[in-house]
Amino acid sequence: NLDTIKSAGFNAIKINGYNFKSKEIAKIAKEKGIIVYFHPQYIAVKNKDLKSGEEFIGLARKMIAEMKNYIDVLGVGNELTVEIIDLYYENLKKYKEKVSNFSAVKKSLESDPKKFSEFLNRLVKIIRSEFNGKITYFSGWWEDPFVNWNLFDVVACNLFYNEESKPFYNEKIKFLKSFNKPFVIGEMGYLTIKDSFKVGLDWSY
């Protein structure tokens, strides 16, 4: 409920992906003075394969064409190292497989960051040609050191505060704010269980 969101003191929402209600929600939010962030997303359901980078670009262009008049800040993507097939570990074709092998994906990124940065740079170039507003990228906390933030108007990171991230959380925020651009935490949340801080991002509970 957008009225509840606003009355609680929040001034922005983020819409992930596009469906028949996305445009309606964005339009109403803007009418209420709420800032609208949006990013294209495709996470395969029903055990279907993820999309390739080229397929993602095609879907992103279609989603942006539908949403561009109703948003304030466009995210060109979200955690793409695990949300598309062919950046790292192409043999892992499903989202759950990527997440289950996260440490391997992270190490691959660290050993070959050029593959990620080149794809992101090309994606930005395409998006900029079709969207004139502010853009960002919703990076995973393992991705942000390899993002060229000079390409973006807003710095954004999905940064969950838990037992695993506590030792580096404040330093991570300092780094992300060092670019002297608006900074937002794209995702932050907890499981509704007793030990949610300790469990962190283990969504198997």
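This is a short walk through a few residues and the nonpolar cores of one structure. Keep in mind that we're looking at a predicted model.

Okay, let's begin with the core. The largest nonpolar core has 44 residues, and the members that touch the most other members are Val76, Leu80, Leu120, Leu123, Tyr137 and Phe152. Which helix gives this core its largest share? That's helix 7, residues 113-128, with seven residues. There's also a second, separate core of six residues, and Tyr37, Val73, Val154 and Ala156 are among them.

Let me stay on Leu80 for a moment. Leaving out residues up to four places away in sequence, Leu80 touches Phe56, Leu87, Phe119, Leu120, Leu123, Tyr137 and Glu143. So much for the cores; now some backbone.

Glu79 sits in the loop between strand 3 (73-78) and helix 4 (80-83). Its phi is positive, near 45°, and this isn't a glycine. Asn180 is another non-glycine with a positive phi, about 55° here. You'll find Asn180 in the loop between helix 8 (169-177) and strand 6 (183-187). Buried or exposed, then, for Glu79? Glu79 is buried, because its relative accessible area is 9%, under the 20% cut-off. Asn180, on the other hand, has 72%, which is over 50%, so Asn180 counts as exposed.

Next up, Gln41, in the loop between strand 2 (35-39) and helix 3 (53-67). Gln41 is buried too, at 17% relative accessible area. What does its side chain make a polar contact with? The side chain of Glu83, at 2.9 Å. Again skipping residues up to four places away in sequence, Gln41 touches Asn16, Gly17, Phe56, Met63, Asn78 and Glu83.

Last one, and you charge-watchers may like it: Lys98, in helix 5, residues 95-100. Lys98 is buried, yet has no salt bridge. Where's the nearest side chain of opposite charge? It belongs to Asp86, 7.3 Å away, and a salt bridge needs the atoms within 4 Å, so Asp86 doesn't qualify. What the Lys98 side chain does reach is backbone oxygen: that of Tyr88 at 2.3 Å, and that of Ile84 at 3.5 Å. With the usual skip of residues up to four places away in sequence, Lys98 touches Leu50, Thr81, Val82, Ile84, Ile85, Tyr88, Tyr89, Leu92 and Val105.

That's my tour, thanks.

Terms used. Residues are numbered from 1 along each chain as its sequence is written. This is a predicted model: local features need pLDDT of at least 70, side-chain atom pairs count only at pLDDT 80 or more; totals for chains, interfaces and linings use all residues. Side-chain values use heavy atoms; hydrogens and water are left out. Helices (H or I, at least four residues) and strands (E, at least two) are DSSP runs, numbered from the N terminus. Buried means under 20% relative accessible area, exposed over 50%, partly exposed in between (1.4 Å probe, protein chains only). A polar contact is a pair of N or O atoms within 3.5 Å; within protein, one must be able to donate a hydrogen and the other to accept it, and residues adjacent in sequence count only if both atoms are side-chain atoms. Contact means heavy atoms within 4.5 Å. Lys and Arg count as positive and Asp and Glu as negative; His and the chain ends are not counted. A nonpolar core is a set of buried Ala, Val, Leu, Ile, Met, Phe, Trp, Tyr and Cys residues joined through side-chain atoms within 4.5 Å.
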